[in-house]
Amino acid sequence: MLLGAHVSVAGGLENGPVEGRSIGADVIQVFTRNQRQWAAKPVTDEEAVTFRDSLAKQSIGAVMSHASYLLNLCAPDPAARRKSAAAFKAEIERCAKLGVTLVNFHPGAHLGSGEAAAIAAGAEVLREAIEETPDATHVKLVLENTAGQGSCVGHRFEHLGEFLEKVGYLERIGICLDTQHSFAAGYDLKSEAGYADVFAEFDAKVGLQHLVAFHLNDSKVAHGGRVDRHECLGKGTLGFELFARLMNDPRFAALPGFLETPAGVAGWKREIEQLRAAVMVAPASAAVTRAPKAARAGGAPAPRSGSRRAKGA
Ligand SMILES: [Zn+2]
Ligand SMILES: [Zn+2]
């Protein structure tokens, strides 16, 4: 997995890649604008050039933008939904100009209208956003699963699958799986057997080929707690083993994973080091059964992911 975190762009977008480099990141996630305000200044040519130069200089491979927290693409009130749709479309255009290839967003909340109506309304907004940004074909819309807090949709894999099916344009949209949100929404990623089952279910209901990114967060709340509360890796109710398992899962080797933990800059550097250290080098075939115990320090699981179920948890 390619590793990074949600870095700060205080003082200018070009500072994001610098912070990314300081924590040893391959990839970064940023807010391209103030995420708590509706108004956003358009990206100037100069800002775009400076940002792209900074990415190259700091060797940051890919950037994911996190859309504003204010958006509710599923809002039952058409005026509120249109306002969110316009801001989302502007974000896609900002990303296109900055060379940002992934734009992450939360699906939204139904606020009493019900999940089915919300997903239908949200999918319509996403379809339009794609159709109205023909010059941003290299910007992928990345729908994130939610913890199921309040009336937020997107906490069931069925919801994610339904969004993809209704939106269409599958080359323009993908899924970001947040480990904390998944666990809080009731998916047992913690145990070895649970891990295998959760990804089998994801594959059946969404399709693993549509998974484009991870948010790597431990959880402050219990399995099924339905609340969005991130914890530092290994310090929460999920535990570090899940993250070691993800790092050794060949299905996810090429995907970006972004930390959104409360660890902060110094902590993220440590977490990234810890994640990289958890990668097991595949032993030469004859040596498999003789792998020394020391190689499994830190609670890391065995490297292969396919036969977990059979071995039991
Ligand atoms: Zn997240
Ligand atoms: Zn979250």
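Start by selecting S1, H1 and S2: together they form a right-handed β-α-β unit. Keep in mind as you go round that this is a predicted model. In residue terms, pick 2-6 for S1, 15-22 for H1 and 27-30 for S2. The two strands of the unit run parallel and are joined by three bridges. To see the register, show His6 and look across to Gln29 in S2, which stands opposite.

Stay with this unit and click on Ala25, in the loop between H1 and S2. Is Ala25 buried or exposed? Ala25 counts as buried, because 27 C-beta neighbours sit inside 10 Å, and 20 are enough to qualify. Now colour its contacts beyond four places in sequence: Leu3, Gly4, Ala5, Gly20, Ile60 and Ile272. Ile60 deserves a distance label, since you'll find it 35 residues from Ala25 in sequence but 7.2 Å away in space, C-alpha to C-alpha.

From Ile60, step back along the chain to Ser59, which has a positive phi of about 55° and comes just after H2. Select H2 itself, residues 45-57. Its 13 residues span 18 Å from first C-alpha to last, close to the 18 Å expected at 1.5 Å a residue.

Next, return to S1 and look at its other partner. Residues 256-259 are S10, and this strand pairs with S1 in the parallel sense over four bridges. Gly4 is the residue to show here, with Phe258 of S10 opposite.

Now bring up the whole ring. Which strands make the closed barrel? There are eight, in the order S1-S2-S3-S4-S5-S6-S7-S10, with parallel pairing. From one strand to the next, the twist averages 25°. If you switch the full cartoon on, the protein chain shows ten helices and ten strands.

Follow the barrel from S10 to S7, residues 211-216; three bridges join this parallel pair. Phe258 turns up again, this time opposite His215, while Phe214 faces Gly257 in S10. Phe214 also has Leu177 opposite, on the S6 side. S6 covers residues 173-178 and runs parallel to S7, with four bridges between them. Why call S7 largely enclosed by the rest of the structure? Because six of its six residues are buried.

For the last stop, turn to the nonpolar residues. Nonpolar side chains tend to be buried together in soluble globular proteins. Here the largest nonpolar core has 88 residues, and the members touching the most others are Val103, Leu126, Val142, Leu143, Ile175 and Phe243. Which helix gives the most to this core? Select H4, residues 115-131, which supplies eight.

Then centre on Val142. Beyond its neighbours within four places in sequence, Val142 contacts Met64, Leu102, Val103, Asn104, Gly174, Ile175, Cys176, Val212 and Ala213. Two of the names in that list, Val103 and Ile175, are also among the core residues picked out above.

Zoom out to finish. Of the 313 residues in the protein chain, 46% count as buried. Take the contacts between residues at least 6 apart in sequence, and 75% of them join residues at least 24 apart.

Definitions and conventions. Residues are numbered from 1 along each chain as its sequence is written. Chains are lettered from A and ligands numbered from 1 in the order in which they are written. This is a predicted model: local features need pLDDT of at least 70, side-chain atom pairs count only at pLDDT 80 or more; totals for chains, interfaces and linings use all residues. Two strands pair if DSSP finds at least two bridges between them. A crossover is right-handed if, with the strands pointing away from the viewer, the path from the first strand over the helix to the second runs clockwise. Axes are lines fitted to C-alpha atoms, for helices over the stretch in contact, and angles run from 0 to 180 degrees between N-to-C directions. The expected span of a helix is 1.5 Å times one less than its number of residues. A residue is buried if 20 or more other C-beta atoms lie within 10 Å of its own, exposed if 12 or fewer, and partly exposed in between; C-beta atoms are placed from the backbone. Two residues are in contact if their C-beta atoms, placed from the backbone, lie within 7 Å. A nonpolar core is a set of buried Ala, Val, Leu, Ile, Met, Phe, Trp, Tyr and Cys residues joined through C-beta atoms within 7 Å.
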